[in-house]
Structure formats: C-alpha cells, structure tokens
Amino acid sequence: MKMSRWEPRAISASSKKKEFSKGKEKVEEDDVVIIDTIEWADPSIKYTSNELAQRPKPQIPDPCGCTVDGGVCCKDEACVLYACQEECYSCLQVCENRRIQKKQWKNVEVFDAGPKGKGLKVLEDVRKGDFIIEYVGRAIRKAYLERLFSRYKTESRLYIMALDGKFLLDARKRGGLARYINHSCEPNCVVQRWKVFGLLRACIFASRDIKKGEELNFDYRWERHRGRAVTKCHCKSPICRGTLEVSKSIEEEELEKQCRAHWCQPSSIENIGINVINRTIRVFSEEHQEYFAADVCKYDEEKRRHLIIYRGSLEEVWEDLSKEKWELLDEKAEQFVIARKK
C-alpha cells in the first residue's frame, strides 16, 4: 500500500515520535504549528487587528466539457481549465484536475539541511511537471506586509509567500511542510498559482525530474527591502548569485545611471509636505548602505508622514522624511522617468 504523506515518517526528520493526522495540527518544532490548509479569519472570533484576512466567497468555475479518454479526463492542457491553471469542480469522478482540492501531495520528509536550517526532501521519484505540495499558512492582508517585516526583522529566515495582489501567506508560526523548502539559484521546483473555486493557491511543481531522496528547492527571487539586510545563499550551485535577493535589473541599472547626477538635497525640510507628492525620491538605508528609489503618493498633514512606494519591491510605506536621509530627483530627470513609464 502506498504510504500516506501524512504518516509521521513521511514528515519528520528526527527519530523522535511525533503524531500527526490529516486535517489536524501539531507542533513540529519549538514554536511552529504544522497545518495542511490556509488559515483565514474566523467570522465568529473578534480579533484585535484586521491582519488576518477573511476568506473570499467561492466562485464555481463553468464545466470544462471534457470527455473520458483512457479511463480519465482533464489530465493535461487539453482541458480548458487545466490550461488556465484552474481546477475543475462539477466534473466526472475520473477527473484528474483536482489535485489541490484532494491534497494529492508527494511523500516528503523534513531533514537537517546544515547552514540552510531545515529542508524538505522527496521520498519518491518525481517527474517534471508533477504537483508536489501546496504552500499554506495564515492569510494576511497585503497592507500588513510592512508589519510582518518589522515583526521578523531580527530573524534570519522568512516564511512569507505572496498569494495574489490582496493576500500573503505567513507560515512563520503556523504553516505547512512546504515552509521548509529552501532556496536555490538552480532550482528543481517552481511555484505556480492555481485557482480553486476562484481563489489562487500557491503550489509547488517539479521543474525537472527529481530523484527519491533529493532536496526540494525553488528560486525565492526576493526583492531587496529597505530595513532588512540581504540573505546569504548556501545553495552551492555553479551559477549561485550569492544572495536570496535578486540583483537589480538591466532596466533599473539604466535608470540609475541616467539619473545619477540629478539627485539633490531638499531645499527645506519644513516645507516639503505636499510639494513632493508625485515626485521621485531615494531614501538611504543604513542596513544596505545604499539608496532605494521610491515614488511619493500621499501626505498625511496630521501625522506629517508621506506614503511612498519603493521601486522594485512595490512596498507602500508611510515615512517620516524629516527623520530620514533622502534626496529628490530634479525636474529634468523627472521627465526622463515619466517617459520611461509610458
């Protein structure tokens, strides 16, 4: 009989006895609770903040119209829903496009990955394109991203996965086994967003054939965040870029080069207020010892803070510019930036 991927020996890296059953939770390590589904806010509970998101209403997809072929249906991109990375609902019993709904995960095991911390390896051979596991955690509103970075500022590892434009998954203290998948600059897996009842889910697929016992990994491609140091990569790949964060794109480097001589100090901090709205600035980061370009969107006169969006990461942050080291792009260079956006 095929071993259930929820049996203890399919998830534990140590010899200690650990109990776990499908649909239940347990503490995997010091302060981490392993779960197998996304956690949304419970409408019956009154929370102290709106950080945990409410589950959106399900949307039932239209029938795909597939017919049985060789005893199965909806097994590949011949199915219109499969081709659009969306799972079926009102389909035949032999439908193979319900892998996420049925939690058809591969057998995996957590193990000690040395300087990378813990890792996740597969306990069976996996073919390219196979669905391996889903990344689950607490569903957090995107507006609280900066709070998450502040909360985990002193920690060396992050467990935040973007779900879509509205929600993030935080698997730091409550998350699935996919939280243990490490980064690699030459990965064997890729993250794909699939729709299930209208809601996107973050799923791990094999980007090549993977042998039994091999560690799973994907390219995190983190954006550099002001206020957080870069993270050293330990993948040891011949093409390792050195950090989990991606370097600047060619477009960013060109923009930086064109604007290099056009940054200037603000003439008067007291009068900046609304005068810098819709202007481009760059703010200095002590952690990175470099400037980060951003666009100024709003100004809160009462709190005397500006809402700025950092380039690249697209983080929205309310900054008190009177307490920051920053520079303003002159009007001549602003025209170049505007032209680049068109």
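**Note on the predicted model**

1. Val68, Leu92 and Val94 together make up a nonpolar surface patch, with a combined accessible area of about 210 Å². The structure under discussion is a predicted model, and the remarks below should be read accordingly. Within the patch, Val94 lies in the loop that runs between α1 and β3. Val94 is classed as partly exposed because its relative accessibility is 32%, a value that falls between the limits of 20% for buried and 50% for exposed.

2. As to the chain overall, the secondary structure consists of 4 helices and 18 strands. The protein chain has 342 residues, and 46% of them count as buried. Its accessible surface is about 19500 Å², with 48% of this area belonging to carbon and sulfur atoms. Among contacts with a separation of 6 or more, 61% are between residues 24 or more positions apart.

3. The loop between α1 (80-83) and β3 (108-112) also holds Gln101. With a relative accessibility of 27%, Gln101 counts as partly exposed. Apart from neighbours within four places in sequence, Gln101 is in contact with Glu87, Cys88, Val196 and Phe197. The pair Gln101 and Phe197 is 96 residues apart along the chain, while their C-alpha atoms are separated by 9.6 Å.

4. Val196, one of the contact partners of Gln101, leads to the next element. Val196 stands opposite Leu199 in β11. The strands β10 and β11 (residues 199-206) are joined by 8 bridges and run antiparallel.

5. These strands belong to an open sheet of 3 strands, in the order β5-β11-β10, whose pairing is antiparallel. The edges are taken by β5 (131-135) and β10 (189-196); each has a single partner strand, so one side of each has no neighbour in the sheet. On average, and with direction ignored, neighbouring strands of this sheet are turned by 35° against each other.

6. A further open sheet contains 6 strands, arranged as β13-β18-β14-β15-β16-β17 with antiparallel pairing. Here β13 (263-264) and β17 (316-319) are the edge strands, and because each has a single partner strand, one side of each is left without a neighbour in the sheet. In general, the strands of a sheet pair through backbone hydrogen bonds, in either a parallel or an antiparallel manner.

7. The attachment of β13 deserves a separate remark. The link between β13 and β18 (residues 326-329) consists of 2 bridges, and the two strands run antiparallel. Cys264 has Leu328 of β18 as its bridge partner. Two bridges are the minimum for a pair of strands to be counted as paired.

8. Two residues may be checked for their backbone geometry. Cys74 has a phi near 60°, a positive value in a residue other than glycine. Cys74 is located in the loop between β2 (32-34) and α1, and it counts as buried because its relative accessibility is 4%. Gln85 likewise is not a glycine, yet its phi is positive, at about 55°. Gln85 is found in the loop between α1 and β3, and with a relative accessible area of 29% Gln85 is partly exposed.

Note on methods: Residues numbered from 1 in each chain as written. Predicted model: local features only at pLDDT ≥ 70, side-chain atom pairs only at ≥ 80, totals over all residues. Heavy atoms only, no water. Buried < 20%, exposed > 50% of the residue type's maximum accessible area, 1.4 Å probe, protein only. Contact = heavy atoms within 4.5 Å. Axes fitted to C-alpha atoms, helices over the stretch in contact; angles between N-to-C directions. Patch = residues over 30% accessible without salt bridge, like charges linked within 9 Å, V, L, I, M, F, W, Y side chains within 5 Å. Areas by Shrake-Rupley, 256 points an atom, 1.4 Å probe, with all protein chains shown as cover. Salt bridge = Lys/Arg side-chain N within 4 Å of Asp/Glu carboxyl O.
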